[in-house]
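Good morning, everyone, and thank you for making room for me today. I would like to walk you slowly through one structure, so please have the sequence and the picture open as I speak.

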Amino acid sequence: VQFTLTNSTIGARDLLLLNIVGGVATGATYNLDANCTSGSAVISVRNITGGSLSEAIVLRYAVIRGSIV
């Protein structure tokens with residue numbers, strides 16, 4: 001599943017770190033990925049187990065400023 005996180009501090013070159021901090025899931029249950037744009041990020045949550053999962057998860061994130069080198 002994908003959803004958009006809107007946050008004015010996110011830039012197009014930034015890195016968004018994601019962790020599962022709540023719910024019954026663990027890090028070995030889901031794959032988390034984020035694509036940053038100016039003012040938002042599209043977050044993808046993918047089930048990496050063989051089973052059907054439907055629990056609610058709670059995510060924590062940190063924005064790391066990117067730069068042009």
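Let me begin with a single residue, Thr 37, which has its place in strand β3. Please keep in mind as we go that what you are looking at is a predicted model. Is Thr 37 buried, partly exposed or exposed? With a relative accessibility of 40%, Thr 37 counts as partly exposed, because that label covers values between 20% and 50%. If you look from Thr 37 over to Ile 68, you are comparing two residues that are 31 apart in sequence, and their C-alpha atoms lie 15 Å apart in space.

Now let us step back to the whole chain. The protein has 69 residues, and 26% of them count as buried. Its secondary structure comes to five strands and zero helices, so that, reading from the N terminus, the elements run β-β-β-β-β. Taken along the principal axes, the C-alpha atoms fill a box of roughly 40 × 20 × 20 Å.

Next comes the sheet. How are its strands ordered? Three strands form an open sheet in the order β1-β4-β3, and their pairing is antiparallel. The edge strands are β1, residues 2–6, and β3, residues 30–37, each of which pairs on one side only. From one strand to the next, the twist averages 25°.

Let us take the two pairings in turn, starting with β1 and β4. Strand β4 covers residues 40–47, and β1 pairs with β4 in the antiparallel sense over five bridges. If you would like to find this pairing on your screen, look for Phe 3, whose bridge partner in β4 is Ile 43, and then for Gln 2, whose bridge partner in β4 is Ser 44.

On the other side, β3 and β4 also run antiparallel, and eight bridges join them. Here you can see Leu 32 standing opposite Val 45 in β4, while Asn 31 stands opposite Arg 46 in β4. The hairpin of β3 and β4 has two residues between the strands, and in this hairpin Gly 39 takes a positive phi near 90°.

While we are speaking of strands, one general remark may help you as you turn the picture. In a regular strand, the side chains alternate between the two faces of the sheet.

That brings me to the inside of the protein. Which residues make up the largest nonpolar core? There are nine in all, namely Leu 5, Ile 10, Leu 16, Leu 18, Tyr 30, Cys 36, Ala 41, Ile 43 and Val 45. The elements that give two or more residues to this core are β2, β3 and β4, and the largest share, three residues, comes from β4. You have already met two of these core residues in the sheet, since Ile 43 is the bridge partner of Phe 3 and Val 45 stands opposite Leu 32.

From the inside we move to the surface. Leu 15, Leu 17 and Ile 64 make a nonpolar surface patch of about 250 Å². Leu 15 has its place in strand β2, which covers residues 15–22, and Leu 15 is partly exposed, with a relative accessible area of 45%.

Now, how many salt bridges are there? The count comes to one, and it is formed by Arg 65 with Asp 14, where the closest N and O atoms are 2.4 Å apart. Arg 65 lies in the segment after β5, which covers 58–64, and Asp 14 lies in the loop between β1 and β2, so this pair ties together parts that are 51 residues apart in sequence. The two partners are covered to quite unlike degrees: Arg 65 counts as exposed, at 57% relative accessibility, whereas Asp 14 counts as buried, at 11%.

Finally, please look at Arg 60, which has its place in strand β5. Arg 60 counts as exposed, with a relative accessibility of 54%. Arg 60 and Ile 20 are 40 residues apart along the chain, and yet their C-alpha atoms are separated by 6.4 Å.

To close, I would ask you to keep two things in view: the open sheet in the order β1-β4-β3, and the salt bridge that Arg 65 forms with Asp 14.

Terms used: Residues numbered from 1 in each chain as written. Predicted model: local features only at pLDDT ≥ 70, side-chain atom pairs only at ≥ 80, totals over all residues. Heavy atoms only, no water. Pairing = 2+ DSSP bridges. Helix = DSSP H or I, 4+ residues; strand = E, 2+ residues; numbered from the N terminus. Axes fitted to C-alpha atoms, helices over the stretch in contact; angles between N-to-C directions. Patch = residues over 30% accessible without salt bridge, like charges linked within 9 Å, V, L, I, M, F, W, Y side chains within 5 Å. Areas by Shrake-Rupley, 256 points an atom, 1.4 Å probe, with all protein chains shown as cover. Salt bridge = Lys/Arg side-chain N within 4 Å of Asp/Glu carboxyl O. Buried < 20%, exposed > 50% of the residue type's maximum accessible area, 1.4 Å probe, protein only. Core = buried A, V, L, I, M, F, W, Y, C linked by side-chain atoms within 4.5 Å.
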